[in-house]
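Work through the exercises below with the sequence and the model open. Each task is followed by a solution in steps.

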Amino acid sequence: METARVLVAADKFKGSLTAVQVAERVTAGLRRVVPGLAVETLPVADGGDGTVAAAVAAGFERREARVTGPLGDPVTAAYALRGDTAVVEMAEASGLQHLPDGVFAPLTATTYGSGELLKAALEAGATTIVFGVGGSATTDGGAGMLAALGARFLDADGKPVAPGGGPLATLAEADLSGLDPRLKDIDLVLASDVDNPLTGPKGAPEVYGRQKGATEEDIAVLDAALTHYASILGPDTAALPGAGAAGGIGYGALVALGARFRPGIEVMLDVLGFAPALVRATLVITGEGSLDEQTLHGKAPAGVAAAARAAGIEVVAVCGRLALPPEALEKAGIRRAYALAEREPDPAVSMAQAGPLLEQAAESIARDFLTG
């Protein structure tokens, strides 16, 4: 009989466990039933928050920089570096986590710090930059990011346009001639799990504005401002897949920085070394906090399962909450899912006790798939 080798490639359980902690708990549970089991862990992320942490867990060096937060205050942001490849997570600089509780700035939040973070990666010698976008507090079309990298956005009086998406309505001239020349010589990969256009019914303001505190009036203002912004930078490109990612920062990266868009989980699996790890595995365990309809649209477990199924390796999943029927799991390439909610139906208790509950779920996986 083939010796079992398990690859744990799961994302975080948002609000309770990091991807690294998920891997540790699953490993502990598996080995409680099968002592000495060969387990390889590869925490994964799809380009959103947790992407830098996943890269560091895979052997990248964690670096930090002081940058401008979404409200204009200084924040400390991390990126990851290995050789000449950097992983930059825009949420580290411009994410919702930098807003005080209950404070939003949908019209004025800026991505300036994301540009500063990209610049830090350039300074560190990166020639390939994986730019993970998601979890943003911003809807400025990436104008702040571009300004930090040397672009100038001027109103009819020749004065700089104020930060944020709302003031872009006053934009008269976009001067990109001052962009950092090093940007021409790098491979910038826009890694995102969303392929929305910049504006319109599926655009950044309409689809994601409310979670950033935007009212219906704000959404209309932002959509009009970004439409105007795109008319000056390049209207034909506003519908590009990924242009609407992270409040339109995708648009700025694609149009002005020459980025190429790739689904975040595909990029991250490449960067993290998933393919060689998969070759060594006989069973893959993936997962995230909620396995639901969103999972099927480019989230980490779907990407892991698709790659494993293509290699003929069985996949099971762990999650806090399961909202997919068995046929949807099967279609995604997941043989079975183990939800913490089955053990503890109270969501608050389940999140608080996620670690021990996850170990119990892993024990069940070991009994079902690794013994007998």
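## Exercise 1: Aromatic pairs

A search of the whole structure, which is a predicted model, finds two aromatic pairs.

Task: Describe the geometry of the pair formed by phenylalanine 153 and tyrosine 229, and state which parts of the chain the pair ties together.

Solution.
- Step 1. A pair of aromatic rings is described by the distance of the centres and the angle of the planes.
- Step 2. For phenylalanine 153 and tyrosine 229 the centres are 6.0 Å apart and the planes make an angle of 55°. Stacked needs an angle under 30 degrees and edge-to-face one over 60, so the pair is classed as tilted.
- Step 3. Phenylalanine 153 belongs to strand 7 (residues 152-154) and tyrosine 229 to helix 7 (residues 216-233), so the pair ties together parts that are 76 residues apart in sequence.
- Step 4. Phenylalanine 153 is buried at a relative accessible area of 9%, and tyrosine 229 is buried at 0%.
- Step 5. Ring pairs join Phe153, Tyr229 and Tyr251 into a cluster.

## Exercise 2: A glycine in contact with the cluster residues

Task: Locate glycine 141, decide whether it is buried or exposed, and list what it touches beyond four places in sequence.

Solution.
- Step 1. Glycine 141 sits in the loop between strand 6 (128-132) and helix 5 (143-148).
- Step 2. The relative accessibility of glycine 141 is 0%; the limit for buried is under 20%, so glycine 141 is buried.
- Step 3. With residues up to four places away left out, glycine 141 touches Leu226, Tyr229, Gly247, Gly248, Ile249, Tyr251 and Gly252. Among them are Tyr229 and Tyr251, which also belong to the ring cluster.
- Step 4. From glycine 141 to glycine 258 the C-alpha distance is 15 Å, at a sequence separation of 117 residues.

## Exercise 3: One loop, two residues

Task: Compare the burial and the contacts of glycine 95 with those of leucine 107.

Solution.
- Step 1. Glycine 95 is placed in the loop between helix 3 (90-94) and helix 4 (112-123). Leucine 107 is also placed between helix 3 and helix 4.
- Step 2. Glycine 95 has a relative accessible area of 0% and is buried, whereas leucine 107 has 26% and is partly exposed.
- Step 3. Outside four places in sequence, glycine 95 touches Pro70, Met90, Gly135, Ser136 and Ala137.
- Step 4. By the same rule, leucine 107 touches Pro163, Gly164, Gly165, Gly166, Pro167, Asp218, Val221 and Leu222.
- Step 5. Leucine 107 and threonine 138 are 31 residues apart in sequence, with 8.0 Å between their C-alpha atoms. For glycine 95 and glycine 203 the C-alpha separation is 19 Å, at 108 residues along the chain.

## Exercise 4: Three helix residues

Task: For alanine 246, histidine 228 and serine 364, give the helix, then the burial and one further feature of each residue.

Solution.
- Step 1. Alanine 246 is in helix 8 (residues 245-256) and is buried, with a relative accessible area of 10%.
- Step 2. Most residues other than glycine have a negative phi. Alanine 246, not a glycine, has a positive phi of about 50°.
- Step 3. Histidine 228 is in helix 7 and is partly exposed at 26% relative accessibility. Its contacts beyond four places in sequence are Leu168, Ala169 and Leu171. The C-alpha atoms of histidine 228 and leucine 171 are 7.8 Å apart, with these positions 57 residues apart in sequence numbering.
- Step 4. Serine 364 is in helix 14 (residues 354-369) and is buried at 13% relative accessible area. Apart from neighbours within four places in sequence, serine 364 is in contact with Tyr338 and Arg343.

## Exercise 5: The whole chain

Task: Check whether the radius of gyration agrees with or departs from that of a compact globule, then summarise the chain.

Solution.
- Step 1. A compact globule of 372 residues would have a radius of gyration near 21 Å; the chain has 21 Å, so the two agree.
- Step 2. The C-alpha trace spans about 75 × 45 × 35 Å along its principal axes.
- Step 3. The chain has 14 helices and 13 strands, and 54% of its 372 residues count as buried.
- Step 4. Among contacts with a separation of 6 or more, 72% join residues 24 or more positions apart.
- Step 5. The chain exposes about 15200 Å², of which carbon and sulfur atoms supply 52%.
- Step 6. The mean positions of the 29 positive and 45 negative charges lie 6 Å apart.

How values were computed:
Residues are numbered from 1 along each chain as its sequence is written. This is a predicted model: local features need pLDDT of at least 70, side-chain atom pairs count only at pLDDT 80 or more; totals for chains, interfaces and linings use all residues. Side-chain values use heavy atoms; hydrogens and water are left out. Helices (H or I, at least four residues) and strands (E, at least two) are DSSP runs, numbered from the N terminus. Buried means under 20% relative accessible area, exposed over 50%, partly exposed in between (1.4 Å probe, protein chains only). Contact means heavy atoms within 4.5 Å. Rings of Phe, Tyr and Trp (its six-membered ring) pair if their centres lie within 6.5 Å; planes under 30 degrees apart count as stacked, over 60 as edge-to-face and the rest as tilted. The radius of gyration is taken over C-alpha atoms; the globule rule is 2.2 Å times the number of residues to the power 0.38. Accessible areas come from the Shrake-Rupley method with a 1.4 Å probe; for residues, only the protein chains shown count as cover. Lys and Arg count as positive and Asp and Glu as negative; His and the chain ends are not counted. The place of a charge is taken as NZ of Lys, CZ of Arg, CG of Asp or CD of Glu.
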